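Morning, everyone. One structure today, and I will keep it brisk. Have a look at the screen first.

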Amino acid sequence: MVMTRSRLVIAALAGLLCAPGLAAQTPARSPAAATEKVTPAQLKSAIDVLGSVDFPIRMDAARTVRRADAAMAVPALIDAVNSHADAYVRFKALVVLSGFNDPRIADVMLKSLDERNDRVRATAYGWFEHHQDLRVVPRLLTALEREEAEFVRPALTRTLAAYGADAKVRQALTGLVMRGQDLFRAVVIEALGEYKADYALQPILDVARLEGPLQDDAVLAIGRIGDKRGLAVLADLQRTASRNLQPSLAAAICLIGSNCGSHVGYLLDTLKFALANPGYQELLRATASGLAAVAVAGNQEAAAALFERGGPTRDPERAAMALALGTIAIRNTPVTMKVLEQQAQLDPAIDLLREAFDMLEEDLEEEQFFVAVRRAYWAAAAGSPARKVAAALIQRLEF
């Protein structure tokens with residue numbers, strides 16, 4: 001199976017309120033650290049080591065920049081994006097900049113679409129997925145002709161899927177379902193599903209009928225689109241498909257709205273079986289991915305099961321559980337936090353998210369997760385479960 005889950009990308013990171021610049025002023029190790037003052041010299045030093053090969057150093061640097069005053073941090077980050085000698089610092093500065101609330105960021109992202117630095121361009125593409133601006137549509141379509149880098153083209157096509165109201169975008173993406181490398185096709189199919197692109201349903205149905213590495217991506221996309229015309233194909237596949245495809249089929253049928261309770265029950269039973277019996281790693285991955293898809297759509301029971309069953313696991317099973325939870329965290333942060341509020345022990349659950357972020361390496365999406373958590377902290381009442389969870393995430397994930 002093509003690992004498109006690591007392209008995350010998605011959608012529901014907004015919805016929590018905070019004042020402008022507040023995201024970047026939030027603490028590193030404790031919410032109380034939001035009152036700390038970062039000097040201009042400290043800010044410059046932190047930006048200069050955002051690209052350090054030493055992970056703790058660059059993580060600490062990012063924390064310092066985030067809690068600096070926005071009026072000072074935003075211009076410094078923009079300057080770093082435009083002119084820093086270290087290309088990796090330019091990329092990391094753009095990622096951290098995306099967590100601030102400042103009107104200048106849109107122009108920086110527009111300019112970054114023309115950068116030679118692949119990581120910078122990928123970040124800019126991803127930003128416009130979540131901050132829609134119709135000015136970029138012609139440029140995105142033109143970029144389809146030249147972007148072939150393994151981690152840049154997926155960001156571009158995901159972003160295009162967010163502009164599905166445009167007829168030219170629809171035509172381009174529908175054609176890409178059946179054309180190109182499997183890695184890139186998988187991302188297109190996943191994004192079309194997440195953006196409920198019913199205009200591309202027919203070619204996705206055609207892919208779902210074919211055995212191969214894209215079949216489970218197509219099956220889940222049918223479910224995410226939610227068009228009941230897909231039920232007949234899914235029902236046919238249930239009768240003939242391999243055991244390892246059955247979890248994706250169950251999740252897809254649930255997502256369309258048919259017998260969701262029984263299909264989630266099947267996924268939970270299969271998860272228990274695959275964890276208890278070594279040798280079913282592929283079935284476990286498919287089941288965890290199916291539960292993640294259902295959880296992203298709002299099913300808290302599915303997310304809770306992954307946290308509870310994943311806590312005591314060890315590799316190789318643990319990796320599948322962590323990746324599924326990482327997908328939920330960056331695709332539906334509010335559901336993740338609601339489920340964490342119900343956990344008797346937070347540390348094992350948050351450890352799974354830490355491991356997921358290490359594997360996913362989705363810098364922009366993780367930054368948006370951090371923003372959402374910090375906003376949730378300030379929006380929640382003192383002493384409330386929501387604030388306790390947000391504080392624990394801030395402390396354990398060290399942002």
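Let me start with a question: is arginine 229 buried or exposed? Arginine 229 counts as exposed, at 55% relative accessibility. Before we go on, a caution: this is a predicted model.

Now to the partner of that arginine. Arginine 229 is in a salt bridge with aspartate 227. The closest N and O atoms of the two are 2.7 Å apart. Aspartate 227 has 17% relative accessibility. The cut-off for buried is under 20%, so aspartate 227 counts as buried. One pair, then, with a buried acid and an exposed base.

How many salt bridges does the structure hold? The count is 22. I will pick out a few.

Take arginine 153 and glutamate 148. Their side chains meet in a salt bridge, 3.8 Å from N to O. Here arginine 153 is the buried partner, at 8% relative accessibility. Glutamate 148 is partly exposed, with 46%.

Next, arginine 354 and glutamate 398. Their salt bridge has its closest N and O atoms 4.0 Å apart. Why look at this pair? Arginine 354 sits in helix α20, residues 346–360. Glutamate 398 sits in the segment after α22, which covers 385–397. The two parts are 44 residues apart in sequence, so the pair ties them together. Both ends are partly exposed: arginine 354 at 30% relative accessibility, and glutamate 398 at 32%.

There is also a network. Glu129, Arg158, Glu194 and Arg331 are joined into one by salt bridges that share partners.

On to the nonpolar side. In soluble globular proteins, nonpolar side chains tend to be buried together. In this model, the largest nonpolar core has 81 residues. Leu77 and Ile204 have the most contacts inside that core. What does leucine 77 touch? Leaving out residues up to four places away in sequence, leucine 77 touches Ile47, Leu50, Val65, Ala93, Val96, Leu97 and Phe100. There is a second, separate core of 53 residues. Among its members are Leu220, Leu267, Leu306 and Met321.

Now three helices.

First up, α14, residues 246–256. Of its 11 residues, 10 are buried, so α14 is largely enclosed by the rest of the structure. The buried set mixes residue types, including Gln246, Pro247, Ser248, Leu249 and Cys254. Which helices help cover it? The cover includes α12 (215–225), α13 (231–240), α15 (260–276) and α16 (281–296). Right after α14 comes glycine 257, with a positive phi near 105°.

Then α5, residues 104–112. The buried residues of α5 are Ile105, Ala106, Val108, Met109, Leu110 and Ser112. Their cover includes α3 (70–83), α4 (87–97), α6 (118–130) and α7 (137–143).

Last, α19, residues 333–341, where threonine 333 lies. Threonine 333 is buried, with a relative accessible area of 0%. What lies 2.7 Å from a polar atom of the threonine 333 side chain? The backbone oxygen of alanine 329 does. So there is a polar side chain with 0% relative accessible area and a backbone oxygen at 2.7 Å.

To recap: 22 salt bridges, a largest nonpolar core of 81 residues, a separate one of 53, and a largely enclosed α14. Over to you.

How values were computed:
Residues are numbered from 1 along each chain as its sequence is written. This is a predicted model: local features need pLDDT of at least 70, side-chain atom pairs count only at pLDDT 80 or more; totals for chains, interfaces and linings use all residues. Side-chain values use heavy atoms; hydrogens and water are left out. A nonpolar core is a set of buried Ala, Val, Leu, Ile, Met, Phe, Trp, Tyr and Cys residues joined through side-chain atoms within 4.5 Å. Buried means under 20% relative accessible area, exposed over 50%, partly exposed in between (1.4 Å probe, protein chains only). Contact means heavy atoms within 4.5 Å. Helices (H or I, at least four residues) and strands (E, at least two) are DSSP runs, numbered from the N terminus. A polar contact is a pair of N or O atoms within 3.5 Å; within protein, one must be able to donate a hydrogen and the other to accept it, and residues adjacent in sequence count only if both atoms are side-chain atoms.
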